[in-house]
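Reader: Please take a close look at one part of this model, the way its helices and side chains meet. I would like a connected account that covers charged pairs, ring pairs and helix crossings.

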Amino acid sequence: MESMGKKKPRRPRRSFTPEFKAEIVGLCRRGDRSVGQVARDFELAVRDWVKQAEVDGGERNGPSSSEREELAALLRENHRLREDVDVLKRAKETR
C-alpha cells in the first residue's frame, strides 16, 4: 500500500542507429516472430519502425523518412525566422 503514490522512474530516452533499426525491422519481416514478440524480446517499441520502413519501401502511404527530416528542418527554420521577426518588431516599437 505504501508504494501506491510512488511513480516508477522513467528510463532515459535511447537512440538507435539506422542499421540497428533496419536489423530489427528485418527480424519482424522475416515472419519467425511477430512484431509484438520482437518488441518484447528486445524491450523496444518497434511497431513505428516497421510502419516507417513500409512507408519508405512504398508499401504504405505517408511521409517518407527524408520528407519527415525535411519537414522538421523547415519547421525549425520557420520558428527561428518568427523569433527574428518578433525581435525586429520589438526593436521598431522602442524607437
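**Charged pairs, rings and crossings**

Author: Asp 41 is partly exposed, because its relative accessible area is 39%. The model is a predicted one, and Asp 41 is a useful place to enter it. Its partner in a salt bridge is Arg 33, and the closest N and O atoms of the two are 2.6 Å apart. Arg 33 is partly exposed as well, at a relative accessible area of 31%.

The count of salt bridges comes to five. Another of them joins Asp 32 to Arg 30, where the closest N and O atoms are 4.0 Å apart. The cut-off for such a pair is 4 Å. Asp 32 has a relative accessible area of 62% and is therefore exposed. Arg 30 has a relative accessibility of 56%, so it also counts as exposed, given that exposed means over 50%.

A further salt bridge runs between Asp 84 and Arg 80, with 3.2 Å between the closest N and O atoms. Both residues belong to helix α4 (residues 65-93), and they are four residues apart, about one turn of the helix. Asp 84 is partly exposed at 35% relative accessible area, and Arg 80 is partly exposed at 42%.

Next, the rings. Aromatic pairs come to three by count. In one of them, the ring centres of Phe 16 and Phe 20 are 5.2 Å apart and the ring planes stand at 20 degrees, which means that the pair is stacked. The limit for stacked planes is under 30 degrees. Phe 16 counts as partly exposed, with a relative accessibility of 27%, and Phe 20 is likewise partly exposed at 28%. Phe 20 also pairs with Trp 49: the ring centres are 6.4 Å apart and the planes are at 85 degrees, so this pair is edge-to-face. Because Phe 20 is in helix α1 (residues 18-30) and Trp 49 is in helix α3 (residues 47-56), the pair ties together parts that are 29 residues apart in sequence. Trp 49 is buried, as its relative accessible area is 15%, and buried means under 20%. Through these ring pairs, Phe 16, Phe 20 and Trp 49 are linked into a cluster.

The pairing of Phe 20 with Trp 49 leads on to the packing of the helices that hold them. Two packed helices are described by the distance between their axes and the angle between those axes. For α1 and α3, the axes come within 9 Å and cross at roughly 90 degrees. Therefore α1 is roughly perpendicular to α3. On the α1 side, the contact is made by Phe 20, Lys 21, Ile 24, Val 25, Cys 28 and Arg 29, and on the α3 side by Trp 49, Val 50, Ala 53 and Glu 54. The ring pair of Phe 20 and Trp 49 thus has both its members in this contact.

Helix α1 has another crossing, with helix α2 (residues 35-42). Here the axes come within 8 Å and cross at roughly 140 degrees. This angle makes α1 oblique to α2, since roughly antiparallel would need an angle over 145 degrees. The contact is made by Ile 24, Leu 27 and Cys 28 of α1 together with Val 35, Val 38 and Phe 42 of α2. The crossing of α1 past α2 is right-handed. Ile 24 and Cys 28 appear in the contact with α2 and also in the contact with α3.

Between α2 and α3 there is a loop, and Glu 43 lies in it. Glu 43 is not a glycine, yet it has a positive phi of about 55 degrees. With a relative accessibility of 55%, Glu 43 counts as exposed.

The account can end at Asp 56, which has its place in helix α3. Asp 56 is partly exposed at 42% relative accessible area. Apart from neighbours within four places in sequence, Asp 56 is in contact with Ser 64 and Ser 65. From Asp 56 to Gly 26, C-alpha to C-alpha, the distance is 14 Å in space, with their positions 30 residues apart in sequence.

Definitions and conventions: Residues numbered from 1 in each chain as written. Predicted model: local features only at pLDDT ≥ 70, side-chain atom pairs only at ≥ 80, totals over all residues. Heavy atoms only, no water. Salt bridge = Lys/Arg side-chain N within 4 Å of Asp/Glu carboxyl O. Buried < 20%, exposed > 50% of the residue type's maximum accessible area, 1.4 Å probe, protein only. Helix = DSSP H or I, 4+ residues; strand = E, 2+ residues; numbered from the N terminus. Phe/Tyr/Trp six-rings, centres within 6.5 Å; stacked < 30°, edge-to-face > 60°. Axes fitted to C-alpha atoms, helices over the stretch in contact; angles between N-to-C directions. Parallel < 35°, antiparallel > 145°, perpendicular 65-115°, else oblique. Left-handed = near helix turned anticlockwise from the far one by under 90°. Contact = heavy atoms within 4.5 Å.
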